Amino acid sequence: MKIYEMTNEERIRLLVQTGYLTTKQAELLQSRRTISLDLANSLSENQIGSFSLPYGFATDFVVDGQDYLVPMVIEEPSVIAAASNAAKRIKNSGGFRTFPSSRVVYGQIVLENLTETDIETLEKKNSEIFECAQQAHPSLIKRGGGIVSLRFNRYDGFLEIELGIDTVDAMGANMVNSILEKTAHKISSLVSGDILCSILSNSGQGQVITAEAAIDFEQLKTKSMSGSEVAFRIVKLANFAKQSVKRAVTHNKGIMNGIDAVYLATGNDFRAQEAAAHSFAFESGQYQPFSEWRIKDGQLLGTLKMPIELGSVGGAISALPMAQLSLAIMKITNSKQLQSVVAAVGLANNLSALRALVTTGIQAGHMGLQSKSLAVSAGASGFEIEEVSKRMNQTKNYTIENAKNILMKLRGK
Ligand code: NDP
């Protein structure tokens, strides 16, 4: 039986049988109590409850030779189906390859009201400042991370001291902010000027990763179009996105569909990721797509390049039982590995969207799945949901009114 045809219980049982979940983790999922009141109260303020979203997983990901099931939290129908569908086509062509870069987070100490003598003093005490920052979080050095760069950047009326920090497996925002504030304290004792602020940058410039997939034409064909025709049309549409900002934004939204869903599932900071991603897209001065597609050696080659700003420990990742469960399902052992999987998911969702757009159109698949949520909105429950959805798909009329009419007929009213 196909995974999407199973019941929730059957899927959970399958994950236990195949070693992706322990029975204890399965119990956590089935208990539907995945966050305690105490934890909710400690994570954010003015708590009155917790907010649930669907939790599922995408299948068939092979990234750098390793198989993955990828947990995703998403309320939009078709995102998980699209990720799995493209991942399978890519798996059949050899899988994803990724090329991670460094894992450096940049932080800024911004100073004002400095004299030229102050600036000279700071430049002379460069290594003292570096050492102070290095000693601000000694456990980071023990883990193989720490300060990797120190730069002085002059702005009109400001001096920025920019620290590059390898935060190893943590996303690092709190760590970096603490290091910066300790270092700023030292700096303020050296100069007559003032510290305006000390804060990490979410630019993600030190965490840009590339993911690639070469897909056999055979994997792209539809009932009415050859694989090579689909591939050439995908290339044309991806090239159009380089010229049209309006298209590039939507191209990138499709990529973020998958990426944000994995961020939510793993307790990562999706606001940080969105900020990093979109500033990167604008790096050249014109908003650009995160991926490009071309034909190479008789295959369709997709390349995604963007910052992936995340952690596999720390913050909510370590605190939320569901985030821990997601990392366990993926068998993630470090943050670089998670970055690679996330980049692959982004590229997979991108391929599915492009393939649908240049062939049947996006609505054919999307509304087929959306019809289930329309059925629920119309009041359907249990077996009625499937039946209303099926009849909506037959009529191709995806309105709430149609869903209600079908439901009334089904109930004999
Ligand atoms: P933490 O403050 O939780 O710090 C990371 C923790 O992970 C440390 O306690 C560290 O231990 C521990 N750790 C264990 N193993 C490792 C390892 N292998 N590598 C690195 N650290 C390890 O989280 P972050 O500093 O990552 O900050 C992330 C949080 O900050 C997120 O919740 C984010 O939303 C939030 N935030 C984001 C901001 C932004 O993006 N602008 C601003 C402020 C906060 P030890 O101390 O022993 O080193």
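This dialogue discusses the ligand shell and one strand of a predicted model.

Student: Which residues come nearest to the ligand?

Tutor: A residue belongs to the surroundings of a ligand if one of its heavy atoms lies within 4 Å of it. Here 21 residues are around the ligand, and those that come nearest are Ser 139, Arg 143, Gly 172, Asp 269 and Gly 315.

Student: Where are polar atoms of the protein placed against oxygen atoms of the ligand?

Tutor: The cut-off for a polar contact is a pair of N or O atoms within 3.5 Å. A polar backbone atom of Gly 172 is 2.6 Å from a ligand oxygen, and one of Gly 315 is 2.8 Å from a ligand oxygen. For Asn 174, an N or O atom of the side chain is 3.1 Å from an oxygen of the ligand. The ligand taken alone exposes 940 Å², of which the protein buries 68%.

Student: Which elements give two or more residues to the shell?

Tutor: They are helix H8 (173-188) and helix H11 (270-281); H8 supplies the largest share, 4 residues. Domain 1 (33-93 + 217-360) and domain 2 (104-200) each contribute at least three residues to the shell. By class, the shell holds 8 nonpolar, 9 polar and 4 charged residues.

Student: Why is strand S8 described as largely enclosed?

Tutor: Buried means under 20% relative accessible area. In S8 (residues 208-216), 8 of the 9 residues are buried, so the rest of the structure largely encloses this strand.

Student: Which strands pair with S8?

Tutor: Strand S3 (residues 97-99) runs antiparallel to S8 and is joined to it by 3 bridges; Thr 98 has Ala 211 of S8 as its bridge partner. Strand S10 (residues 299-307) also pairs with S8 in the antiparallel sense, over 9 bridges, and the partner of Ile 209 in S10 is Met 306.

Technical notes
Residues numbered from 1 in each chain as written. Predicted model: local features only at pLDDT ≥ 70, side-chain atom pairs only at ≥ 80, totals over all residues. Heavy atoms only, no water. Polar contact = N/O pair within 3.5 Å; in protein donor to acceptor, adjacent residues only side chain to side chain. Areas by Shrake-Rupley, 256 points an atom, 1.4 Å probe, with all protein chains shown as cover. Nonpolar A, V, L, I, M, F, W, Y, C, P; charged D, E, K, R; others polar. Domains from an automatic or database assignment. Buried < 20%, exposed > 50% of the residue type's maximum accessible area, 1.4 Å probe, protein only. Pairing = 2+ DSSP bridges.
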